Amino acid sequence: MIRALLALLVFSGAAHAAPEDEIQPVGIVAALTQEVVEIRSNFTGADFLVYGAVTGLAEGDDIVVVVRGPQEDLRVMRKIRTLGIWINRAPIAFEDIYGYYAVASTRSLSQFATFSSLRREGIGMEHLRLSAPAHVREETRFGVGGVVVTELGAEIVDYRRAIVRNRAREGLYVESPGGVEILDGGLFRAGVRLPPVTPVGEYALDIYLFRDGVPIASRRTSLQVRKAGFEQAIYDFAHERAPLYGMIAVIIALIAGWSAAEVFRRR
């Protein structure tokens, strides 16, 4: 942490010392106030800062901070009314869905970034990459081969919105226009909030510098979210000795059920 702060101060001082008519190379230095987040039984969420400095920052430039959590497979279904009853049907298996995804920027993305650059980098809720391989095929269209299309057609938009909506409700998907603050000397900072249901794993944080609609520089750092204490011991035991863990869970459930039945029977 001390080294990072010293690097930022030297970096900022160098930016001030450069002559105004000299073209400075563009670069980004970034760090976190907390590089490891531990989840214990009393975990209610965590807040940390992404901070750094940019050389060659020009008027009108924008900064975007994207936090991408561990990926997972997700099975999504939609409710369909059948014989007067709402049931879950039409399951779609998505792969490599981010368990956490947050975007903070100096302003709204549409105000300074082109659609193609956002789509290429996967920045913003509208540009999240959602892959359902079982429903994808390649076709030849207008003489161009290898065009990837989805069998879901326009329905993929509904599934995308459902995933984003449900995770946004839990605080796992967040978009914060104005969430990045540019300070004097090319310094910047952005706050990130992890909710109580934050998944464990490795998080990638990408900082982009946008100019004329496209990113001209980027920097990546990482964050580790892990269980600690008794929770970590149980987590490791469940994953390393799954059959034994399952047997113990069943025995505990039987004992709990029998104890509850005895209590109510005596009353």
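Here, Ala, Val, Leu, Ile, Met, Phe, Trp, Tyr, Cys and Pro count as nonpolar, Asp, Glu, Lys and Arg as charged, and the others, Gly among them, as polar. By that split, the lining of the second largest pocket comes out as 6 nonpolar, 1 polar and 5 charged residues. Keep in mind that this is a predicted model. Below is a quick tour of that pocket, the core, strand 3 and the loop at Gly-45.

**The second largest pocket**
- This pocket has a volume of about 240 Å³.
- Two elements, strand 5 (71-82) and helix 3 (155-169), each supply at least two residues of its lining.
- Helix 3 gives the most, with 7 residues.
- If you want to find the pocket in the viewer, look for Leu-74, Arg-75, Val-76, Met-77 and Arg-78, together with Asp-158, Tyr-159, Ala-162, Ile-163, Arg-165, Asn-166 and Arg-167.

**The nonpolar core**
- In soluble globular proteins, nonpolar side chains tend to be buried together.
- In this model the largest nonpolar core has 53 residues, and those with the most contacts inside it are Val-64, Phe-94, Ile-123, Tyr-173 and Leu-223.
- Strand 13 (residues 201-211) is the top contributor to this core, giving 6 residues.
- What does Phe-94 touch, if you skip residues up to four places away in sequence? Its partners are Asp-73, Leu-74, Val-76, Leu-130, Ser-131, Ala-132, Ile-156, Tyr-159 and Ile-163.
- Some of those names should ring a bell: Leu-74, Val-76, Tyr-159 and Ile-163 touch Phe-94, and Leu-74, Val-76, Tyr-159 and Ile-163 also line the second largest pocket.

**Strand 3 and its partners**
- Why is strand 3 largely enclosed by the rest of the structure? Because 8 of its 10 residues are buried.
- Strand 1 (residues 27-32) runs antiparallel to strand 3, and 6 bridges join the two.
- One of the pairings to look for is Gly-27 with Thr-55, the latter sitting in strand 3.
- Strand 12 (residues 187-194) is also antiparallel to strand 3, with 8 bridges joining them.
- Here you can pick out Tyr-51, whose bridge partner in strand 12 is Arg-189.

**The loop at Gly-45**
- Gly-45 sits in the loop between strand 2 (36-39) and strand 3 (46-55).
- Setting aside neighbours within four places in sequence, Gly-45 is in contact with Arg-193, Leu-194, Pro-195 and Pro-196.
- Gly-45 and Val-197 are 152 residues apart in sequence, yet their C-alpha atoms are 7.7 Å apart in space.

Technical notes:
Residues are numbered from 1 along each chain as its sequence is written. This is a predicted model: local features need pLDDT of at least 70, side-chain atom pairs count only at pLDDT 80 or more; totals for chains, interfaces and linings use all residues. Side-chain values use heavy atoms; hydrogens and water are left out. A nonpolar core is a set of buried Ala, Val, Leu, Ile, Met, Phe, Trp, Tyr and Cys residues joined through side-chain atoms within 4.5 Å. Buried means under 20% relative accessible area, exposed over 50%, partly exposed in between (1.4 Å probe, protein chains only). Helices (H or I, at least four residues) and strands (E, at least two) are DSSP runs, numbered from the N terminus. Contact means heavy atoms within 4.5 Å. On a 1 Å grid over the protein atoms alone, a cavity is a set of points where a 1.4 Å probe fits but cannot get out, and a pocket is an open set with protein on both sides within 12 Å along at least five of seven lines; lining residues have an atom within 4 Å of a point. Grid points are joined across faces, edges and corners, and a volume is the space filled by probe spheres set on the points. Two strands pair if DSSP finds at least two bridges between them.
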